[in-house]
Every structure is written in C-alpha cells, then in structure tokens.
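Colleague: I am new to reading protein models, and I would like to go through this one slowly with you. Could we take some questions one at a time, with the reasoning spelled out?

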Amino acid sequence: MAEKLITPEKDREEILKFLSEASIFKDLPDESLEKIPEIVQIDYFAKDHIIIKKGSPGVRLYLIKSGSARVVSESEEDEFIIATIPAGKCFGEMSLLTGEPCCATVKTNENSLIYFITKSDFDSIISENPQIYKHFNKLLAERINKQNIKNIDLQKYEIALSSYLQKTKEYQYSSVVWKCKKMREIVEEAERLSKTDDPVTIISEDGAGKETMSRKIHSESSRAKFPVIEVILAKERRNEKLPVHNERRKRDQIECELFGSERIVFIEEEAGRVGRLELVNNGTLVIKNIENMSLNTQEAFLKFLESGKFQRLGGSEYVHVNARIIVTTTDISLMQEKLNQRLFHILSAHKLEIPPLRDRKKDIPALMVHFVDKTSKARHIHAKKFSKAATNKLLKYDYPGNVKELENVIERAITLSKGDADIEEEEIFLGDTTKIEDERRINLLNIPLIRILCESPRIILAAKIATLIVFISVLCLLATQADISIGGRKIALILCWQVSLPLLFIVFLFAARFGCGLCPIYTISNFFNKHINLKISIPSFVKNNDVWFTGVGFISILFLEKYTHMAYSINKTAYLIFSILLAAIIIDFVFEKSAWCRHLCPLGGLSGLFSMSSMIEIRSNRNTCTTICTTHDCYKGSERAAPCPTYLHLQFLSDNRNCKVCLNCIKNCTHNATRLNLRIPGAEISSLRQPTLAGALFSIILSGLLLAEILSQSSVGQAGFPLVFSASICFALTLNLAGNFFTTLISKETIIEHIKHFGYALLPLTLFGFTAHKAVDVFGNVEGSLMIFKIYKLNFNFTTAFQLLIILTGLFITEYLIYKIILNKITKDKHPLVFAIQGIVPLIIAILYILLFYNADNF
C-alpha cells in the first residue's frame with residue numbers, strides 16, 4: 001500500500017505542470033488547479049503489477065505520469081488485453097462515479113510512476129468543478145462508439161459506463177423552464193406520462209426542447225436511477241449519387257447502433273458490440289428524428305416493442321431488454337408517412353407537442369435568467385443582467401431556432417459584454433448565421449496586394465489625416481470667406497459642391513460606406529464621444545426611427561440647397577457645414593456610442609441606403625466564425641485594431657446599411673474569415689433579411705428627388721421649385737403605390753409588404769441616376785464629332801452619351817433585382833404578370849431621367 005508523501009516544492013511544480021496538460025484538468029481555472037497538487041499522492045509500480053483488481057471497489061483516480069498500463073479481461077485459462085492506457089491518461093474514474101465495483105483488471109506494462117487521488121478528494125474536486133463532467137462524457141462517448149466488444153464480459157463494463165451518462169447530462173442539459181399557460185399544461189402532461197412505461201412521441205420544431213422534455217419524463221419516472229441514452233437518426237441520402245454499398249453501410253451502422261452485433265458488417269474484422277438497447281436496460285432510450293428510421297430497422301424495432309426482445313446484427317440468439325422508448329420528430333404527418341403503420345400506432349399513442357418559442361414569448365424572461373445562471377456557473381463569473389433595450393430586442397424576435405437559438409444568443413452576449421456591466425442591445429445579435437452567401441462573388445482579399453493594403457493600419461490612418469486636413473482647410477476658407485477662385489468660382493464652393501458631392505456617389509457605387517470611415521466630422525465628434533461625454537443612453541425613439549430622422553434631414557438639406565441656391569453662396573454653405581459639425585459634436589457629447597453617426601447623420605442615412613447598391617461588401621466565412629472563432633475580435637477589437645465603430649458582428653452582417661468599411665474587422669480577424677467581396681451592384685437587395693417600410697419609402701422618395709434635382713436646372717424648376725419638389729416626390733410615391741397595389745391584387749401579401757420588398761430595388765437606378773446627373777458638375781458638357789468612313793461627320797455630346805449609358809445600366813440592374821425578388825417572394829405561375837407590373841415602374845422613371853437629361857434646357 002502506498003504511503004502519502006509530502007511533496008516538496010519542486011515536485012509540486014512538476015505535478016502542477018502535469019495536471020495543467022492532462023485533458024481531465026486542463027480546462028479548470030488556475031485557482032482550482034493550484035489546489036490539486038496538495039492532495040495528489042505518488043506511487044511507483046513495477047512491471048505487471050496489479051493496480052486495480054476486477055470486482056474491487058473504486059477508491060482512487062489514477063493518472064499515469066510515466067510508463068503505461070493495460071486493461072485486461074481475466075478468464076480461467078488466460079487473459080487478453082482490452083485496451084492500453086498511455087502516459088498522461090487517467091483510469092479508475094468510472095467506479096468512483098457510478099459506485100459500482102471495478103469491471104476489469106488494470107496492470108502495468110512497465111515500471112511506472114503513477115499519481116493518484118483518493119475518492120474523498122476526487123469527490124471534492126468534482127463538486128467544486130462540475131465542468132470536469134465534460135471530459136468524462138467525451139471519454140464515455142469514445143469508448144462506446146469506437147470500441148468493439150471482444151468478450152461478453154465487457155458488456156458489464158459498458159453498462160457501468162452507460163449508467164454514468166445520466167449524471168453527466170445533469171450538468172450539460174437545461175431543465176424545463178416555463179411561465180405560460182400552454183407550457184404548464186404540457187409539463188403537467190409530461191409528469192403524468194412519466195408515471196407510465198408506454199412509448200411517447202414528442203413533437204416540436206428543431207431547438208424547441210424535445211430533448212429536455214424527454215429527460216424530464218425520464219428523471220421523474222421510476223427508471224430515473226438507470227441510464228438515459230440518445231440515438232440520432234440521420235436522414236437517408238437516397239436522392240444523392242452515393243454508391244449502393246455506402247448507403248447499405250450506413251443502414252447497417254444504425255442497426256448496429258441500436259441492436260449491437262456479433263459481427264460488425266462495415267468493419268473487416270470479426271468482433272462483437274453491445275447496442276444502445278442493451279446499454280439502456282431498465283432505463284430510457286430516446287430516438288431522435290424517428291421518421292428517418294430505415295424500413296429494415298423499423299421491422300426489427302417493431303418486433304422488439306411487441307416482444308421485448310431482439311437479435312443482434314449477425315446473431316441468432318435473442319436478447320431480452322426492459323427499456324422505455326421516447327421518440328422525437330419535427331413533423332407528425334411525415335412520421336406517419338414514413339413509418340410502418342403498426343409501429344406508428346404504438347409510438348404515437350401518447351403524444352406531447354411543444355409549441356415553438358415564438359408562440360410562448362412569456363417564457364423568454366425566465367429562459368433568459370436560466371441561461372445566464374447556467375452560463376455564469378459554467379464560466380465561474382457573476383451572473384449578468386440585461387438592459388431594458390436588450391430585453392425588448394430579445395422579446396421582439398421570433399427565434400426560428402427556438403430555445404436553442406436563444407441560448408446561443410445569450411451565451412454570445414455574455415462573451416461580448418464588458419466586465420460586470422449589464423448586457424446592452426448592441427451585444428445582442430440575432431438571425432441565421434448558417435446562410436451560404438451567393439457564389440457569384442469574388443473575394444478581393446485573395447489578391448495579396450489588396451490584403452496588404454486592407455490590413456495596413458497606416459493606409460487608413462493616412463487617408464483619415466488627409467481628409468481631415470482638407471476638411472479643416474475648407475472650414476477655414478468658409479470662415480474667413482477667402483476670395484480664392486478658380487474659373488470665376490470660389491474654391492471652397494468647388495470643393496464642397498463640385499468635388500465632394502459627386503465623389504460621394506462614386507464612393508457609394510465602388511466602395512459602399514468607405515467615405516463614412518474617413519468622415520472628418522465623425523473623427524472630430526468621436527473625439528468628444530470618447531473623452532468628453534455625458535454617457536446618456538440613446539433614446540429608444542431615436543433608435544427605432546433613425547431612418548425617418550436621417551431621411552427627413554437629407555430631404556431638407558437638398559430642398560434648401562436648391563431653393564436658396566446654397567451651392568453659389570459662401571455664407572449659406574458655411575452655415576450648413578458648421579451646423580452639421582456643431583450638431584454632431586453636441587449629440588456625441590451628450591449621448592454615448594456615436595449617436596450622431598449611427599442614427600442622426602443625414603449623409604450617413606443616405607450612405608446606408610446607397611451602399612446597398614455598391615459593388616463591394618464585407619462579409620465573413622460563417623462556417624469559420626461558427627466553428628472556430630471564440631474571441632469575437634471583429635466586434636470587441638484587439639491590439640491590432642479598434643472595435644467595430646457601429647457595433648456590428650461580422651458573422652451576422654448581411655447587408656451594407658450600417659457597415660462603414662473601416663476595415664477594422666479585417667485587421668482583427670486572425671482566422672482569415674473576413675471577405676471583401678466584389679459583386680453585382682445591389683445583390684443584397686433581392687434577399688434583404690429585414691426590409692423596413694421607412695427605408696423602402698425613402699428609397700422611392702430618392703428617385704423622385706432626382707427628378708426634382710434635374711428639373712431645378714430648368715426654367716420651370718427655378719420659377720416654382722417648391723411645387724416641382726413636392727410634385728416629384730408625390731409622383732414617385734404614387735407610381736410605386738400603384739404598381740404595388742396591382743401586385744397585391746394577384747398575390748397574397750399586403751401592399752405594405754410589397755413596398756418593403758420592391759421599394760429598395762429602385763436604389764441602383766437612383767444611384768446611377770445621381771452619378772449621371774453629377775457628371776455634368778464635374779465634366780460639364782463635353783462635345784465632339786465623329787467621322788464615319790471619312791464621309792459623314794457626326795456631332796456628338798459625350799456627357800449626354802455617358803449619362804444615357806449610366807441610366808441604362810442602372811435600369812438593367814434594377815430590373816434584374818425585381819426579377820430576383822419575384823423569384824423569392826411570388827409563386828411561379830404569377831412571375832410574368834408581377835414582373836410586367838413591377839418592371840414598368842423603374843422603366844417609366846428611367847425614361848423620364850433620359851428625357852430630362854436631353855431636354856432639360858427646353859423646360
């Protein structure tokens with residue numbers, strides 16, 4: 001018998017290093033890990049020494065420091081090796097956890113140094129660090145799924161392992177949490193069913209709680225002290241071009257999983273395996289996705305339900321098992337269609353239907369508290385609370401992924417939140433993260449030079465400094481009213497109206513909101529927001545109506561610019577720019593989180609809409625984000641770059657409206673998950689996740705504003721601009737309203753829904769129209785002549801030809817987007833008629849643009 005040793009400091013350091021690398025202890029917090037060396041004892045064993053004797057009580061957890069050991073099954077004649085345990089691994093844990101005698105003998109293969117922990121000390125470690133169960137659950141799964149049984153004596157060993165499953169699941173799985181009346185009735189029915197042994201079918205959408213409910217039924221039944229094991233039936237891939245033997249191999253594997261085997265069909269060796277039904281004897285077997293059970297397996301399973309016995313795959317003797325069966329499905333009608341009718345009748349005699357989370361939102365607050373407590377305990381942190389805005393955001397969402405999606409959202413929010421502060425609305429990210437992006441995109445980051453430029457902090461910094469210097473210079477020129485002119489016009493006005501404004505539309509088209517990332521007003525106001533700020537929360541009214549604020553702001557500026565001839569007045573231009581700058585500074589001084597830039601800036605709102613028509617986008621490889629990333633640096637920032645200035649998470653970014661293309665996410669991501677995509681302009685509009693009525697109406701109004709802009713240069717527009725301005729907006733709204741009204745007559749959706757979907761489709765045409773219109777401010781009317789075959793001289797206006805080409809390009813893209821929206825939203829038999837109605841709206845607007853460009857002087 002080994003004596004307890006007082007380990008010196010040197011040994012303690014070695015033990016601590018060993019424990020930190022051992023899989024069972026490596027995930028423990030440092031403070032917990034540092035306590036364990038004090039209770040670790042040491043012993044040396046010679047070769048072939050028996051460390052554990054089969055049938056002896058489990059009293060220690062062993063960890064091999066050096067050497068190795070083997071697990072053997074002893075018989076009257078001989079012994080044979082079941083498994084080899086290398087250095088760094090543990091053994092003896094299952095007897096400690098289950099209380100059952102040791103089911104096999106363990107001997108050393110060589111002289112070995114072994115650490116061990118007594119049962120009382122091990123129980124203390126488990127009680128303080130329940131996450132250790134994760135390691136044992138993984139170890140158990142590996143042993144059940146990968147080991148082929150070579151002797152019937154090993155059946156007892158696997159049954160002992162299976163009895164541990166229930167204890168590990170108590171840590172991993174949530175309890176049933178409910179508040180609404182509907183769920184109370186379901187829970188009461190589940191409690192009633194737990195008193196019987198009849199099969200139960202649980203029906204719900206994915207993630208709604210089928211697994212949790214099945215475990216509740218088991219835990220409150222007379223079988224609670226016995227194991228509960230799950231089997232997941234994957235859908236058969238009959239429609240895929242798979243070799244026949246692959247499909248058969250898969251079916252054999254599922255049958256072997258349930259019933260075990262005397263000979264494993266899909267492995268070229270003779271061996272035995274204990275199935276799940278044997279392992280779960282006296283307990284509960286949960287079969288998920290029962291509708292996917294193959295016909296051969298259904299026949300054998302039905303015989304078991306009727307007789308209580310079955311044959312292993314490849315065997316001839318019957319095995320008797322007493323197990324309770326619970327099955328789950330997402331569609332009871334599909335289950336009835338796919339299953340043998342006798343089998344369906346037996347399984348569906350007792351049904352529980354769990355409503356989706358969107359139909360029981362009263363449960364959400366209780367679920368929020370439950371998941372916060374669960375996550376906080378697992379991570380050893382204080383439980384956090386949610387701000388009112390964050391709670392409202394969680395309550396408004398419909399959760400297609402149900403309770404599981406809510407749990408993931410809350411876990412992520414806890415990760416993203418800072419310190420002990422409440423979880424804020426900006427840290428709640430909702431939506432499907434598994435959608436595959438359109439393949440018709442080219443990732444520009446695959447070009448080394450572009451990646452170097454995007455990841456370089458100096459390039460963006462230099463651009464910001466240059467933009468700030470130019471802006472301050474313009475402010476000085478405006479403030480001093482300096483009489484510096486080019487071609488008879490003051491340089492300050494040229495920079496503001498003939499350079500900056502046309503350049504903005506070019507940036508919208510080719511670089512989305514990149515201009516917002518360089519915006520000097522943001523740079524100045526952000527300084528106050530970070531260093532001199534009252535930190536008042538942004539009112540919900542402003543957040544919820546920011547499109548209206550920015551839209552009305554831009555419409556007002558455009559009206560005043562034309563009505564007051566602001567582009568020709570230093571004073572009026574100075575008032576406008578200084579007013580915007582002052583408003584930005586005041587708003588960002590009072591409110592936190594860049595309120596002006598995100599919710600109130602008129603140019604920011606315009607940028608957000610037109611950036612949807614851009615040729616580039618920043619997105620992520622969502623598979624990488626979901627499976628690899630744990631740091632969320634694209635949102636939180638790192639030493640490489642600042643956090644996202646608009647509080648976006650790249651994994652959930654589906655459109656350009658709020659992305660400033662600051663490139664911080666590209667610098668911060670260490671997994672190469674970011675993508676700078678070149679795409680068809682406006683590609684995101686056809687599959688927009690959250691179209692808003694305000695955004696769609698503003699998009700329509702913009703098309704009317706361009707009409708007013710062009711007409712303002714005519715004699716009619718100059719004489720009665722307020723009337724022309726109002727009439728242009730009313731015309732655009734009326735034309736779209738009429739088109740969507742007629743669409744409503746032949747489809748099921750409301751006129752509001754059609755406006756929300758089709759209104760955004762006008763953005764490419766409008767953006768290209770503004771670009772064509774501003775070309776005159778930059779280049780003027782460029783005229784020339786073209787000699788054809790040296791015979792005929794054709795006088796040519798290159799500016800007008802350019803405008804025509806741009807408008808036709810915008811029209812083509814808009815019509816293409818309308819076609820894509822119709823494919824996504826309208827039934828196939830109505831596609832031609834709806835396209836004829838919706839397609840005529842941008843066609844009329846484009847014709848008006850072209851006529852006005854050619855004949856503006858005649859009005």
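What follows is a set of questions and answers about salt bridges, burial, a surface patch and the spaces inside this predicted model.

Colleague: How many salt bridges does a search of the whole structure find?

Modeller: Side chains of opposite charge can pair when their charged atoms come close. A pair is counted here when a side-chain nitrogen of Lys or Arg lies within 4 Å of a carboxyl oxygen of Asp or Glu. Searching the whole structure by that rule, the number of salt bridges is 35.

Colleague: In the salt bridge between K216 and E220, which residue counts as buried?

Modeller: The side chains of these two residues, K216 and E220, meet with 2.6 Å from N to O. Buried means under 20% relative accessible area, and E220, at 32%, therefore counts as partly exposed. The relative accessibility of the other partner is 16%, so the buried residue is K216.

Colleague: K404 and E407 also form a salt bridge; about how many helical turns separate them?

Modeller: Their side chains meet at 3.7 Å, N to O. K404 is partly exposed because its relative accessibility is 44%, whereas E407 is buried, with a relative accessible area of 7%. Both residues belong to helix 16 (residues 402-416) and are three residues apart, so the separation is about one helical turn.

Colleague: Which residue forms a salt bridge with K756?

Modeller: The closest N and O atoms of this pair are 3.5 Å apart. Both residues lie in helix 33 (residues 751-758), where three residues, or about one turn of the helix, separate K756 from its partner. That partner has a relative accessible area of 27% and so counts as partly exposed; the residue is E753.

Colleague: Which residues are joined into one network by salt bridges that share partners?

Modeller: A salt bridge needs a Lys or Arg on one side and an Asp or Glu on the other, so it helps to sort the members by residue type. On the Lys and Arg side the network holds K543, K593 and R598. With the Glu residues added, the full network is K543, K593, R598, E425 and E426.

Colleague: Is E561 buried or exposed, and which residues is E561 in contact with?

Modeller: E561 sits in helix 23, which covers residues 546-563. Its relative accessibility is 8%, which means that E561 counts as buried. With neighbours within four places in sequence left aside, the residues in contact with E561 are W497, M566, A567 and E709.

Colleague: About how much accessible area do the residues of the nonpolar surface patch have together?

Modeller: The patch is formed by V778, F779, V782, F796 and F798. One of them, V782, lies in the loop between helix 34 (763-779) and strand 21 (783-788), and V782 counts as partly exposed because its relative accessibility is 36%. Taken together, the accessible area of the patch is about 450 Å².

Colleague: How many cavities of 30 Å³ or more are there, and which residues are closest to the centre of the largest cavity?

Modeller: The count comes to five cavities, and the largest cavity holds about 140 Å³ of space. Its lining is made by 15 residues, and those closest to its centre are C644, L648, C659, C662 and C665.

Colleague: Which residues lie closest to the centre of the largest pocket?

Modeller: The largest pocket contains about 1900 Å³ of space. Among the elements that give two or more residues to its lining are helix 15 (388-396), helix 23 and helix 30 (693-711). Of the 50 lining residues, those closest to the centre are K393, E425, D546, N658 and Q690.

Note on methods
Residues are numbered from 1 along each chain as its sequence is written. This is a predicted model: local features need pLDDT of at least 70, side-chain atom pairs count only at pLDDT 80 or more; totals for chains, interfaces and linings use all residues. Side-chain values use heavy atoms; hydrogens and water are left out. Patches are made of residues with over 30% relative accessible area and no salt bridge: like charges are joined within 9 Å, nonpolar side chains (Val, Leu, Ile, Met, Phe, Trp, Tyr) within 5 Å. Accessible areas come from the Shrake-Rupley method with a 1.4 Å probe; for residues, only the protein chains shown count as cover. Helices (H or I, at least four residues) and strands (E, at least two) are DSSP runs, numbered from the N terminus. Buried means under 20% relative accessible area, exposed over 50%, partly exposed in between (1.4 Å probe, protein chains only). Contact means heavy atoms within 4.5 Å. On a 1 Å grid over the protein atoms alone, a cavity is a set of points where a 1.4 Å probe fits but cannot get out, and a pocket is an open set with protein on both sides within 12 Å along at least five of seven lines; lining residues have an atom within 4 Å of a point. Grid points are joined across faces, edges and corners, and a volume is the space filled by probe spheres set on the points.
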